[in-house]
Amino acid sequence: MPPAALDRARWDLLVVGAGTAGLIGAQIAAALGARVLLVERERFGGDCLWTGCVPSKALLAAAHAAADARAAERYGVHVGDVRVDGPAVLAAVRQAIETIAPVDSPDAVRASGAETASGSVRFTGATRAEVDGAPARFRQALLCTGSAPRMPDLTGLADVDPLTTDSVWSLSDLPDRLVVLGGGTSGCELGQAFARLGVHVTLVEAGDRLLAGEDPRAAEVLTEALRRDGVDVRLGSAPVRVTGDGRQGRLHLADGGGADFDRLLVTVGRDPRIQGLGLDAAGVATGEDGSVVVDDALRTTNPRIWAAGDVTGHPAFTHVAGVHGNLAATNAVLGLRRRVDLSAVPRVTFTRPEVAAVGEPTGEPGADRRVHTQPLRRADRAIAEQSTEGFTRLVVDGRHRVRGATVVGPRAGEALTELTLAVSRGLTTSHLTGAMHPYPTYADPQWNAAIADYRGRLTSRSGRIALTALRLARRVRLALDDRRGSDTPTTA
Ligand SMILES: Cc1cc2nc3c(=O)[nH]c(=O)nc-3n(C[C@H](O)[C@H](O)[C@H](O)COP(=O)(O)OP(=O)(O)OC[C@H]3O[C@@H](n4cnc5c(N)ncnc54)[C@H](O)[C@@H]3O)c2cc1C
Ligand SMILES: NC(=O)c1ccc[n+]([C@@H]2O[C@H](COP(=O)([O-])OP(=O)(O)OC[C@H]3O[C@@H](n4cnc5c(N)ncnc54)[C@H](O)[C@@H]3O)[C@@H](O)[C@H]2O)c1
């Protein structure tokens, strides 16, 4: 839509940012009959499509293919030397993006009934904004501007043209030596991907372990796996400065050590994108971390403006952004007060092995919680496929409801979906044991963990009393049948 046309009427909902949250928010609002304008300043599809989930999973697919080919010998299959064609791998990543892009395009949005425009939105008042300077009035707005890579304050960093998850996808070839700064989800996924593609990777994490928010045992398993892939994992390593010429250089660490690189990739977290939005003019408050303050219905401090996705500071996942976009748009258009529930947000690090978790932490469960752990080495499917690295851990409360889970292993993300349903719906271990599970799958360990909890119920004091009572009643009935001398039992 040309800028001049933006101000012809008041929009029921002005949606700012066409990432996952904005795309879903705009399409839902249009489906509910609202007059919607979705404005994007860069590319429709946002981070997930262009710089996040899609390219990282495509790169990992190539990396895992290379690793599987190298490991094929253990199955008696010989493939010879594995050669990675860097430009071809990166081209395949871009191809995956191009294949998905039409789903998120302006055409697709307009087909759903919303209008679209290109430009940067800036609020000029509580119900007024500009798109690249052209005025646009709105009854309500939905802020979906996402988050951007954080850059650490490190002397010399800017001199080596550091890569971020925004820019790494523009490489034309793989570097020989890569230093990855930060061992969170992005650093682990990309560190493993590049290492499996033959790059010499040094992963530098300032904290004392990888994946700080996850079960410590899961982080240990992943650290061992990365080291086996050839990643030089440095934990508790605070970087102090960078020296370099052009793009090559050396990262110096507080312990006196360092790591040389051809490229440096920064993955130390993300900050909400709020610069230049004019949030003060709109009366939209932000928190100390820069995220937009929202209530549990995703309404900002301006009751006419809602927010969804990464910009809220809620867990930064595409599925959260999608659920947010839907919920905020529905609340805005229909005047509802549906609340966002963050108690069962699933998270998956798509490394090999995958690390997947949901709900309460499994590493340090509360006092009234029981933990059941099943190692993957006891799962027949994992043994058959020689992929036994990992475990499943369930946290169960006093009423045997599944409250949290960690799954480490192949296809952990897929296995986690059942446990996400269990946590979000308050299902018990007897619900899980009562549902037949196909054999053999990587979900066997979670079924066995649920069975272990259920068995615990049978061997508890009340369980033992109930079983004894049933056994005695059965004996009495059989004795009665015997005494009658009847051939036809009275009992089943
Ligand atoms: C490397 C990496 C891998 C990831 N992998 C996964 C994964 O496997 N699974 C998962 O669930 N999540 C993953 N994520 C996280 C996921 O990408 C984000 O949580 C998700 O994309 C957030 O969506 P959003 O709609 O909130 O924001 P975004 O997708 O960032 O969209 C915001 C949009 O707003 C636009 N914008 C900003 N300011 C303005 C303005 N003033 N005017 C107009 N437009 C504006 C931006 O250009 C952008 O397009 C990954 C992230 C990274 C970095
Ligand atoms: N598979 C997925 O779903 C996926 C993949 C990638 C990213 N994401 C999302 O994006 C978010 C951001 O990911 P991320 O990995 O950039 O951030 P993160 O916050 O998950 O991890 C950043 C890591 O960098 C470390 N760090 C911070 N400053 C450092 C420094 N100066 N030197 C060395 N280490 C330092 C931190 O201790 C932390 O371990 C994630 O929280 C996640 O929500 C999701």
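How do the residues of the shell around ligand 2 divide into nonpolar, polar and charged? Keep that question in mind as you look through these close-ups of a predicted model.

**Figure 1. The shell around ligand 2.** Here is the count: the shell has 12 nonpolar, 10 polar and 3 charged residues. In total, 25 residues surround ligand 2, and the closest are Gly 182, Gly 184, Ser 186, Val 268 and Ala 316. Two elements, helix H6 (185–196) and E17, give two or more residues to this shell. Of these, H6 gives the most, with 4 residues.

**Figure 2. The shell around ligand 1.** Now turn to the other ligand, which has 34 residues around it. Which of them come nearest to ligand 1? They are Gly 17, Gly 19, Gly 46, Gly 146 and Gly 309. Helix H1 (20–31), strand E2 (36–40), helix H2 (46–50), helix H3 (53–71) and helix H9 (318–334) each supply at least two residues. Sorted by class, the shell around ligand 1 holds 13 nonpolar, 15 polar and 6 charged residues.

**Figure 3. Helix H1 packing against helix H9.** Two packed helices are described by the angle between their axes and the distance between the axes. For H1 and H9, the axes come within 7 Å and cross at roughly 35°. The crossing of H1 past H9 is right-handed. On the H1 side, the residues that meet H9 include Thr 20, Ala 21, Gly 22 and Ile 24; on the H9 side, Thr 318, Ala 321, Gly 322 and Gly 325 are among those that meet H1. The residues of this contact comprise 9 nonpolar, 9 polar and no charged.

**Figure 4. A closer look at helix H9.** Is H9 mostly covered or mostly uncovered? It is mostly covered, with 12 of its 17 residues buried. Val 320, Val 323, Leu 327 and Asn 331 are among the buried residues. The cover over the buried residues of H9 includes strand E1 (11–16), H1, strand E6 (134–143) and strand E16 (305–307). You can also check the length of H9: at 1.5 Å a residue, its 17 residues should span 24 Å, and the end C-alpha atoms are 24 Å apart, so the two agree. Just after H9 comes Gly 335, with a positive phi near 70°.

**Figure 5. Two cis peptide bonds.** Most residues other than glycine have a negative phi, and most peptide bonds are trans. This view shows two bonds that are cis. One joins Arg 352 and Pro 353, with omega about -5°. Look for Pro 353 in the loop between strand E17 (347–349) and strand E18 (354–359). The other runs from Tyr 439 to Pro 440, with omega near -10°. You will find Pro 440 in the loop between helix H12 (429–434) and helix H13 (444–459).

**Figure 6. Positive phi at Gln 386 and His 400.** Neither residue is a glycine, yet phi is near 55° at Gln 386 and about 65° at His 400. Gln 386 sits in the loop between helix H10 (380–384) and strand E20 (391–396), while His 400 is in the loop between E20 and strand E21 (402–409). Why is Gln 386 called exposed? It has 10 other C-beta atoms within 10 Å, and a residue counts as exposed with 12 or fewer. His 400 has 18 other C-beta atoms within 10 Å, so it is partly exposed.

How values were computed
Residues are numbered from 1 along each chain as its sequence is written. Chains are lettered from A and ligands numbered from 1 in the order in which they are written. This is a predicted model: local features need pLDDT of at least 70, side-chain atom pairs count only at pLDDT 80 or more; totals for chains, interfaces and linings use all residues. A residue is near a molecule or strand if its C-beta atom, placed from the backbone, lies within 6 Å of it. Ala, Val, Leu, Ile, Met, Phe, Trp, Tyr, Cys and Pro count as nonpolar, Asp, Glu, Lys and Arg as charged, and the others, Gly among them, as polar. Axes are lines fitted to C-alpha atoms, for helices over the stretch in contact, and angles run from 0 to 180 degrees between N-to-C directions. A crossing is left-handed if the near helix is turned anticlockwise from the far one by less than a right angle, and right-handed if clockwise. Two residues are in contact if their C-beta atoms, placed from the backbone, lie within 7 Å. A residue is buried if 20 or more other C-beta atoms lie within 10 Å of its own, exposed if 12 or fewer, and partly exposed in between; C-beta atoms are placed from the backbone. The expected span of a helix is 1.5 Å times one less than its number of residues.
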